[in-house]
Amino acid sequence: MNNLKFDIQQLAKALFTETVNIRRHLHRNPELSFEEFETATFVKKILSELGISYQAMANTGVVGLIKGELPSDKVIALRADMDALPIMEVEGRSYGSQRPGVMHACGHDVHTSSLLGVAKILQELRPHFGGTVKLIFQPGEEKLPGGASLMIKEGVLNNPNPTAIFGQHVMPFIEVGKVGFKSGQYMASTDELYMTVKGKGGHGAHPHQNIDPIAITAQIITALQQVVSRYADPRIPTVLSWGKIAANGATNIIPNEVYLEGTFRTYDEKWREGAHQRMTSMAKGIAEAMGATCDFEVRKGYPFLTNDPALTNKSRILAEEYLGKENVVDLELWPAGEDFAYYSQEIPACFYRLGTGNVAKGINSAVHTSTFDIDEDALQLSIGLMAYITIGELNS
């Protein structure tokens, strides 16, 4: 692979400026989940210019196919997500969002532009590998039920059937020039919690005449943390957090009800189901014991993401060959969710992190923030490395 590594590095270098321009175009024109119509059209245009056949899927999804010229029936899938977030970007960037309130704050513009760059490299190097590469440009990663689940239902893992799938994700806490891998369980399942506690409102000076939903909600919030601290197996990381509480009262008014939204995350499907039932029964039981009622809804989200050990270890070795061992780091469990997990539940998968931070340049904001950005030098590494891993896997 030494000669091929040099060829890929040279192609990645030659395509760097073009990839940056694509990323900036996408960053200026973000689209929310399942509304990626212009983005999909843009992707189709580039694939057509490259002579890569494609089909539409899941409304705004695009799936392209690149066939190597060497004899092989092997099929590898590469995935990039395309949707943006409802966040107002900070002002002052020449490539900043032109759509107020919508921003590529999770790096999906990086993922899409990178996969287009990889497509250009692989299309150029078809004489050097066999098999088929399936390019998955996926909508709706940020919103339930997740574009991955929809594309799987529509057959994205069929005709042809990939034997493995790769994805990469920006990581602002890893310095540019480095990537990170973790074998086995990596990202958590993600469920949305919606709770309404209904009591009887009234004057704050006469609480004995009311059924105070705020006081009852406080009891429920405190008690539910025992699901994590007393019922979860300590070997299974578990998170329960409430991010929204609304009670339309005042300094001297006890409201009739309290509304909450939260999230539950873990790494074991059996425990996940049991926790859903326990949270529901505890919340309702506490409310009823105090004279109120409780509506508790669990909207089941993405499963946990697991990286196939053999595939991930092989990919890590290829990354070390391409970048040097000093530029490949270990990842820890990450309690955020990712709908790439759906693919990892179906076929061997490897989801790795692309370092995009640069503390010296002040580029270190977390994803899902208005100040998030990347060191664009990461784009040259991202397109080269994914192309190298893909060909290495196909030719193995």
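**Exercise 1. Where does Pro160 lie, and what is the peptide bond before Pro160?**

Step 1. Find the loop between helix 4 and strand 5 (164-175); Pro160 lies there. Helices (H or I, at least four residues) and strands (E, at least two) are DSSP runs, numbered from the N terminus.

Step 2. Check the bond from Asn159 to Pro160. The bond is cis, with omega near 0 degrees.

Step 3. Recall the background. Most residues other than glycine have a negative phi, and most peptide bonds are trans.

A note on the source: this is a predicted model, where local features need pLDDT of at least 70, side-chain atom pairs count only at pLDDT 80 or more, and totals for chains, interfaces and linings use all residues. Residues are numbered from 1 along each chain as its sequence is written, and side-chain values use heavy atoms, with hydrogens and water left out.

**Exercise 2. Which peptide bond involves Pro145, and where is Pro145 found?**

Step 1. Go to the loop between strand 4 (130-138) and helix 4 (147-153), where Pro145 is found.

Step 2. Read omega. Leu144 and Pro145 are joined by a cis peptide bond, with omega about 10 degrees.

**Exercise 3. What is the phi of Phe34, and where is its place?**

Step 1. Phe34 is in the loop between helix 1 (2-28) and helix 2 (37-50).

Step 2. Phe34 is not a glycine, yet its phi is positive, about 65 degrees.

**Exercise 4. Describe how helix 3 and helix 9 cross.**

Step 1. Take helix 3 (residues 108-124) and helix 9 (residues 378-394). Their axes come within 8 Å and cross at roughly 55 degrees. Axes are lines fitted to C-alpha atoms, for helices over the stretch in contact, and angles run from 0 to 180 degrees between N-to-C directions.

Step 2. Classify the angle. Helix 3 and helix 9 are therefore oblique to each other (under 35 degrees counts as roughly parallel, over 145 as roughly antiparallel, 65 to 115 as roughly perpendicular and the rest as oblique).

**Exercise 5. In what order do the four strands of the open sheet lie, and which strands stand at the edges?**

Step 1. The order is 10-12-8-13, and the pairing is antiparallel. Two strands pair if DSSP finds at least two bridges between them.

Step 2. Strand 10 (239-246) and strand 13 (293-299) stand at the edges; each has a single partner strand, so one side of each is left without a neighbour in the sheet.

Step 3. Look inside the sheet. Strand 8 (residues 189-198) and strand 12 (residues 257-266) pair in the antiparallel sense over ten bridges. Tyr194 stands opposite Glu261 in strand 12.
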